[in-house]
Amino acid sequence: MGAVSSTPRGDANPKDHGDYLLGVLVGNKSYDVDSNLWDRLLGLPLTLQWPESVVHEACESMVQNSIFTSHLSKLFLHLAWSLHEVLHKTPLSHVSILKTINAVRFSSTFLKHLIEHGSNEQLMSCLSLSLSEKEAKATGNQNVAGLVISAIFSFIGNLDVNPSTYMLHLEVVNLLLVMLSTQLHSRLPYGTKDFQIFFDAAMAQDLSVVQLAVRKLLLSYIAKLPMPASVAHYMNLSKVSQQGVLQKVGAAAATVLKLPYYTYNYLLSSNNPTGPSPLAQNGLLLLLVLVHYRKCSPADEIVHEKFNGKGDVVAVPNESDQSFLNPFSQALELARDTEFDLIDIETDAAANSVARVPFAALYDTLGLCLKDESSVLLLYSLVHGNRAFLEYVLVRTDIDTLLMPVLEMLYDASRKTSKQIYMLLIILLILSQDASFNASIHKLVLPAVPWYKERLLNQTSLGSLMVVILIRTVKYNLSKLRDVYLHTNCLAVLSNMAPHVHRLNAYGAQRLVSLFDMLSRKYMKLADAHGRSADTRLSMENVVEAGDDAPTDLLVYTDFLRIVLEIINAILSYALPRNPEVVYALLHQQELFQPFRNHPRFYELIENLYTVLDFFNARMDAHSNDAEWSVEKVLEIVIANTRSWRGEGMKMFTQLRFTYEEELHPEEFFVPYVWQLVVSNSGINWDLNTITLFPSRIVAEVERVESFSDKTLDIPTTPSTEL
């Protein structure tokens with residue numbers, strides 16, 4: 001598609017002017033950056049429309065000719081200038097907004113096509129225009145990409161959203177997602193030789209600029225401003241246009257060009273009178289993309305060889321030098337509450353320079369939105385990276401605001417992706433590392449749990465519900481996913497909770513004992529299949545001596561059984577008087593533990609358990625002449641004798657504690673995961689056939705079986721209990 005041969009007359013209709021200007025823009029004749037072409041092009045009305053085939057041809061021509069005309073670079077320059085004008089012009093005119101929207105949309109259209117269908121070399125060639133000495137000195141940038149990225153983040157961080165600028169903010173956020181989508185077309189890990197032009201420019205932004213942008217994106221997520229009614233109305237109108245054509249109406253947010261991807265389906269929800277907020281949704285996705293970007297430093301790429309204990313030589317990264325620092329991750333980690341004590345601010349100069357957001361509003365918004373995967377990932381990013389926010393969460397008395405939606409989603413695990421289940425469990429694991437959290441959840445009583453269908457749970461403590469849901473998740477995983485690391489995470493949370501369990505209800509106590517029963521039966525079946533004898537089938541020593549033929553599945557279940565025994569032992573050692581239902585459940589099924597009394601890995605724990613059982617069995621025998629026995633009668637005897645329990649004969653073990661740490665290269669998990677969310681939820685119609693970061697089928701299908709990689713997350717334990 002070259003330049004149109006003739007200029008339309010002055011009285012020609014806008015469509016003729018649009019066709020001509022589009023042809024000139026993508027043609028092979030170069031126009032100076034100060035030509036009136038740009039004002040005419042960006043001043044086109046938003047009511048114009050082109051067939052998809054015309055847009056595709058225009059994109060192809062732009063990629064081919066811009067290497068010589070530099071029109072894409074010049075378009076970016078005008079975009080940066082327009083954003084600067086919108087940011088600083090007072091009063092802000094409607095014409096300036098529409099001009100900037102046009103610049104953003106033209107840029108998005110051509111850039112998305114170039115990234116998806118061109119090479120990195122073509123991208124660099126199309127953006128190779130050198131800035132003037134004056135422009136470079138004024139902005140501190142030496143290239144067009146740096147200039148436009150600086151303008152975008154300055155715009156996001158400094159201009160408040162209002163009805164007249166809502167669509168411009170949304171367009172700018174979407175343009176940034178398009179710019180950063182170079183990740184979708186590359187493979188991990190990123191080293192120092194991998195060039196991501198827009199990411200590199202973003203990561204080079206000053207921390208103060210980044211903090212403003214992060215703050216505004218978080219505030220946008222909290223506010224969840226709905227799309228203006230007029231915009232939503234026009235977007236509905238655009239859906240009835242003929243196939244291959246987008247109707248563009250005024251400020252309705254359709255594009256100047258027929259964008260193959262720009263087809264939002266945000267309709268007003270009947271359940272929410274304020275309507276949905278695509279700006280909040282895509283702003284959050286943008287924040288997650290930026291926060292989880294990592295790039296190997298030269299030190300990370302230097303490796304040395306060592307033996308891994310299995311006879312294999314493996315490459316190990318050099319961890320002596322500091323790795324790449326992401327300013328967006330740093331800004332999120334340093335964010336502080338707007339209600340921070342003013343006295344502390346005055347005594348801490350650094351506190352004034354961080355992004356400040358209302359933690360109370362952020363906490364409440366997260367609690368309302370955790371059914372959305374991107375919100376779960378934001379919560380993870382905050383409780384893992386931001387110590388101040390984690391401490392804020394831990395002192396909230398209404399911790400059920402966050403925990404109830406988390407537990408409800410785990411209850412409905414069959415409808416969740418494996419990655420979502422992991423994020424939820426890791427959030428629980430991080431919280432359970434705090435002793436006050438483990439104590440407080442047992443003090444908070446829930447009047448009812450309406451979404452739990454298998455049993456009526458009234459007046460149940462949040463801690464008891466958490467135990468029930470975690471055990472239910474283990475059982476679901478055992479029957480469906482069979483993921484070792486999911487088991488580990490669930491049991492790790494239960495282990496951290498165990499010493500602080502208080503008045504675990506009857507159902508929770510039964511579920512805990514049944515968990516041991518289920519794992520032991522599974523193990524016995526595996527042991528019999530491997531021909532292990534009753535006395536040696538669970539022995540670690542026998543597994544090791546077996547060499548290459550060692551049944552590793554038996555070893556895994558041995559570890560699980562021991563952890564469950566340690567959970568029960570911790571409750572008996574530290575909280576027996578407060579948990580009569582646990583004692584009753586053990587008495588009711590005490591025969592389950594008999595086969596393991598002589599096992600070398602379990603016998604000390606089993607001996608503790610039988611010390612408790614023998615104590616209460618003796619008290620039961622003292623009432624053997626009673627006429628009638630019932631559940632209530634047995635429980636009454638148990639409760640009466642817990643008061644006299646002194647723990648004589650119990651061997652005290654070090655409390656089993658699990659902590660969560662990210663691996664050296666967490667981006668190997670998080671980058672593909674975040675981009676899967678972007679592709680699925682941003683409203684942008686990405687070309688799935690060009691994606692190389694992850695299989696495109698992942699977007700179309702709900703993941704059920706894909707395991708979480710042990711190369712990305714690590715749960716370190718004490719040496720004696722390491723799995």
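# Working through a predicted model

Arg619 lies over the face of Phe615, at 3.8 Å from the ring centre. Keep in mind that this is a predicted model. The exercises below start from that spot and then move around the chain.

**Exercise 1. Work out how Phe615 and Phe616 pair, and whether each is buried or exposed.**

Step 1: Look at the two rings. Their centres are 5.0 Å apart, and the planes of Phe615 and Phe616 meet at 80°.

Step 2: Planes over 60 degrees apart count as edge-to-face, so Phe615 and Phe616 make an edge-to-face pair.

Step 3: Now check the cover, using the cut-off of under 20% for buried. Phe615 has 13% relative accessibility, so it counts as buried. Phe616 has 1%, so it is buried too.

Step 4: Add the charge. Arg619 sits over the face of Phe615. For another case of this kind, go to Tyr610: the charged end of Arg597 is over its ring, 3.8 Å from the centre.

**Exercise 2. Find how many aromatic pairs the whole structure holds, then classify the one made by Phe106 and Phe110.**

Step 1: Searching the whole structure turns up 23 aromatic pairs.

Step 2: In the pair of Phe106 and Phe110, the ring centres are 6.3 Å apart and the planes are at 20°, so these rings are stacked.

Step 3: Place them in the chain. Both belong to helix 5 (residues 94-117), and their spacing of 4 residues is about one helical turn. Why does that spacing matter? An α-helix has 3.6 residues a turn, so residues three or four places apart point the same way.

Step 4: Check the cover: Phe106 and Phe110 are both buried.

Step 5: Rings can also link up in a bigger group. One cluster joins Tyr380, Tyr660, Phe669, Phe670 and Tyr673 through ring pairs.

**Exercise 3. Say which residues have the most contacts inside the largest nonpolar core, and trace the partners of Phe198.**

Step 1: Start with the whole chain. It has 32 helices and 8 strands, and 54% of its 723 residues are buried.

Step 2: The largest nonpolar core counts 229 residues, and the most contacts inside it belong to Phe110, Met179, Phe198, Met466, Phe593 and Trp675.

Step 3: Skip neighbours within four places in sequence, and Phe198 touches Phe76, Leu111, Leu123, Leu127, Ala145, Ile149, Met179 and Leu180.

**Exercise 4. Describe the surroundings of Ser381 and of Met497.**

Step 1: Ser381 is found in helix 18. Its relative accessible area is 8%, so it is buried.

Step 2: The side chain of Ser381 reaches the backbone oxygen of Leu377 at 2.8 Å. Beyond four places in sequence, Ser381 is in contact with Leu288, His292, Leu332 and Asn386.

Step 3: Met497 is part of helix 24 (residues 484-497), and with a relative accessible area of 1% it is buried.

Step 4: The contacts of Met497 beyond four places include His442 and Met466. Met497 and His442 are 55 residues apart in sequence, yet their C-alpha atoms are 9.9 Å apart in space.

**Exercise 5. List the buried residues of helix 17 and name elements that cover them.**

Step 1: In helix 17 (residues 359-369), the buried residues are Phe359, Leu362, Tyr363, Thr365, Leu366, Gly367 and Cys369.

Step 2: Their cover includes helix 11 (207-223), strand 3 (336-337), strand 4 (356-357), helix 18 (373-385), helix 19 (387-395) and helix 20 (400-411).

Technical notes: Residues are numbered from 1 along each chain as its sequence is written. This is a predicted model: local features need pLDDT of at least 70, side-chain atom pairs count only at pLDDT 80 or more; totals for chains, interfaces and linings use all residues. Side-chain values use heavy atoms; hydrogens and water are left out. Buried means under 20% relative accessible area, exposed over 50%, partly exposed in between (1.4 Å probe, protein chains only). Helices (H or I, at least four residues) and strands (E, at least two) are DSSP runs, numbered from the N terminus. Contact means heavy atoms within 4.5 Å. Rings of Phe, Tyr and Trp (its six-membered ring) pair if their centres lie within 6.5 Å; planes under 30 degrees apart count as stacked, over 60 as edge-to-face and the rest as tilted. A charge sits over a ring if NZ of Lys or CZ of Arg is within 6 Å of the ring centre and within 35 degrees of the ring normal. A nonpolar core is a set of buried Ala, Val, Leu, Ile, Met, Phe, Trp, Tyr and Cys residues joined through side-chain atoms within 4.5 Å. A polar contact is a pair of N or O atoms within 3.5 Å; within protein, one must be able to donate a hydrogen and the other to accept it, and residues adjacent in sequence count only if both atoms are side-chain atoms.
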